[in-house]
Amino acid sequence: MFKAVKDFLLGERGGVITLEHILWALIITGAASLVGYGVTAAMRGLAGKNVLIIKCSDPAYANDPRCSQL
């Protein structure tokens, strides 16, 4: 069995298929991580703005200079 796997991986077509699978896995993983990072960064910004809006609705923070920018 080891010989069959070795022949498949080192054969002309087997090596190409294996390399294609590895490269596609890396490309898909990289794309998914970039999308995840972008969504996380966008949500962090939106959540921060929402928290500031809630904080500024409190009369105790009425004189906060960040509240006048909303």
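**Exercise 1. Elements and overall form**

How many helices and how many strands does the protein chain have? Work this out for the predicted model above, then describe the form of the chain.

*Solution.*
Step 1. Start with the elements: the protein chain has 2 helices and 0 strands. Helix α1 covers residues 2-10, and α2 covers 12-56.

Step 2. Now set the chain against a reference. The radius of gyration of the protein chain is 26 Å, whereas a compact globule of 70 residues would have one near 11 Å.

Step 3. Look at the extents next. The C-alpha trace spans about 75 × 20 × 10 Å along its principal axes.

Step 4. Turn to burial and surface. Buried residues account for 7% of the 70 residues in the chain. The accessible surface is about 6100 Å², and carbon and sulfur atoms hold 71% of this surface.

Step 5. Finish with charge. The protein chain carries 7 positive and 5 negative charges, and the mean positions of these two sets are 4 Å apart.

**Exercise 2. The disulfide**

Find the disulfide, give its handedness, and say which parts of the chain it ties together.

*Solution.*
Step 1. The structure holds 1 disulfide. Its partners are Cys56 and Cys67, with an S to S distance of 1.9 Å.

Step 2. Read the torsion about the S-S bond of Cys56 and Cys67: at about -85°, this makes the disulfide left-handed.

Step 3. Place both ends. Cys56 belongs to helix α2 and Cys67 to the segment after α2, so the pair links parts that are 11 residues apart in sequence.

Step 4. Check the accessibility of each end. Buried means under 20% relative accessible area. Cys56 has 17% relative accessibility, so Cys56 counts as buried. Cys67 has a relative accessible area of 17% and is therefore buried.

**Exercise 3. Asp64 and Ala60 after α2**

Is Asp64 buried or exposed? Classify Ala60 too, and find a side-chain partner for Asp64.

*Solution.*
Step 1. Locate the residues: Asp64 lies in the segment after α2, and Ala60 is placed in the segment after α2 as well.

Step 2. Classify Asp64. Its relative accessibility is 17%, so Asp64 counts as buried.

Step 3. Classify Ala60. The cut-off for exposed is over 50%, and Ala60 has a relative accessible area of 65%, so Ala60 is exposed.

Step 4. Look for a partner: the side chains of Asp64 and Arg66 are joined by a polar contact of 3.0 Å.

**Exercise 4. Sequence separation and distance in space**

For the pairs Ala25 and Tyr61, Ala60 and Tyr37, and Leu9 and Leu19, set the separation along the chain beside the C-alpha distance.

*Solution.*
Step 1. Take Ala25 in helix α2. Ala25 and Tyr61 are 36 residues apart in sequence, and their C-alpha atoms are 50 Å apart in space.

Step 2. Go on to Ala60 and Tyr37: here 23 residues in sequence go with 35 Å from C-alpha to C-alpha.

Step 3. Then take Leu9, which sits in helix α1. Leu9 and Leu19 are 10 residues apart along the chain, with their C-alpha atoms separated by 9.6 Å.

Step 4. Round off with accessibility. Partly exposed lies between the 20% and 50% cut-offs. Ala25 has a relative accessible area of 40%, so Ala25 is partly exposed. Leu9 is partly exposed because its relative accessible area is 41%.

Conventions
Residues numbered from 1 in each chain as written. Predicted model: local features only at pLDDT ≥ 70, side-chain atom pairs only at ≥ 80, totals over all residues. Heavy atoms only, no water. Helix = DSSP H or I, 4+ residues; strand = E, 2+ residues; numbered from the N terminus. Buried < 20%, exposed > 50% of the residue type's maximum accessible area, 1.4 Å probe, protein only. Polar contact = N/O pair within 3.5 Å; in protein donor to acceptor, adjacent residues only side chain to side chain. Rg over C-alpha atoms; globule rule 2.2 N^0.38 Å. Areas by Shrake-Rupley, 256 points an atom, 1.4 Å probe, with all protein chains shown as cover. Lys, Arg positive; Asp, Glu negative; His and termini not counted. Charge placed at Lys NZ, Arg CZ, Asp CG, Glu CD. Disulfide = S-S within 2.5 Å.
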